[in-house]
Amino acid sequence: MIETIKKRRSIRSYKDAPLKEDHLNTILEAAIYAPSGMNYQTWHFTAILNAEKLVELNRLIKQAFAKSDEPRLQERGNNPDYCCYYHAPALVIVSNEPTQWWAPMDCACAIENMFLAATSVDVASCWINQLGTTCDDTDVRAFITSLGVPAHHQVYGCVALGYAAANAPLKDKKLQPDTITIVR
Ligand SMILES: Cc1cc2nc3c(=O)[nH]c(=O)nc-3n(C[C@H](O)[C@H](O)[C@H](O)COP(=O)(O)O)c2cc1C
């Protein structure tokens, strides 16, 4: 487990190959075994393997970005090459009831479980955040509802999954000093 934790990295370049069904099932099973506040398990995992639907989702996210007041988001929205999920063959939308304050923590636990399960079967992954801020845009919401995201859910993160492209670049991983205190 410690080896898997240290091996996991965010991968942003994927082979043009579908995610194998057994890999998807392993990863989704790991998600639902995560801890959750009061064991409520109110989360939902919407796995999209359909390339056309992913392209449409990216288009709608960009459309929402283009309407933003933030220049950085506007730039992404108007950039024809911008793909928030890095053309991964699979994306899992992780959503939850926003009424419980621990909803985002539950989702983060499930997402990390997915990352570690993916790493353990040599599936590459990355947290994709863009739907978190755009899920209440009218067009984005209508589309994700059609995909199966419960209408009253907030999206807390997405997980891109696939097989790492050869020589997929890795950002340097420098651990910050002084982030642990041990009191004896
Ligand atoms: C809450 C959260 C949001 C993130 N959002 C994105 C994202 O939208 N796109 C992306 O490429 N990486 C995203 N990341 C990945 C981080 O950039 C990455 O974990 C960090 O650079 C450390 O690299 P590593 O995952 O390879 O160890 C996110 C990570 C977290 C925990």
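This report looks at a histidine and at three salt bridges in a predicted model.

## A histidine in helix 2

Let's start with H23, which sits in helix 2, the stretch covering residues 21-32. With a relative accessible area of 14%, H23 is under the 20% cut-off and therefore counts as buried.

Who are its neighbours? Leaving aside residues up to four places away in sequence, H23 touches V121, V123 and Y163. Y163 also appears in a polar contact: its side chain and that of H23 meet at 2.7 Å.

## A salt bridge within helix 3

The whole structure holds six salt bridges. One of them joins the side chains of R59 and E56, with 3.0 Å from N to O. Both residues belong to helix 3 (residues 51-66), and because they are three residues apart there, about one helical turn separates them.

As for their surroundings, R59 is partly exposed at 43% relative accessibility. E56 is partly exposed too, with a value of 25%.

## Two further salt bridges

Next, have a look at D136 and R141, whose side chains form a salt bridge with an N to O distance of 2.9 Å. D136 is exposed, at 57% relative accessibility, whereas R141 is buried, at 14%. This bridge therefore links an exposed residue to a buried one.

The salt bridge between K174 and D172 has an N to O distance of 3.8 Å. Here K174 is exposed at 69% relative accessibility, and D172 is exposed at 65%.

How values were computed: Residues numbered from 1 in each chain as written. Predicted model: local features only at pLDDT ≥ 70, side-chain atom pairs only at ≥ 80, totals over all residues. Heavy atoms only, no water. Helix = DSSP H or I, 4+ residues; strand = E, 2+ residues; numbered from the N terminus. Buried < 20%, exposed > 50% of the residue type's maximum accessible area, 1.4 Å probe, protein only. Polar contact = N/O pair within 3.5 Å; in protein donor to acceptor, adjacent residues only side chain to side chain. Contact = heavy atoms within 4.5 Å. Salt bridge = Lys/Arg side-chain N within 4 Å of Asp/Glu carboxyl O.
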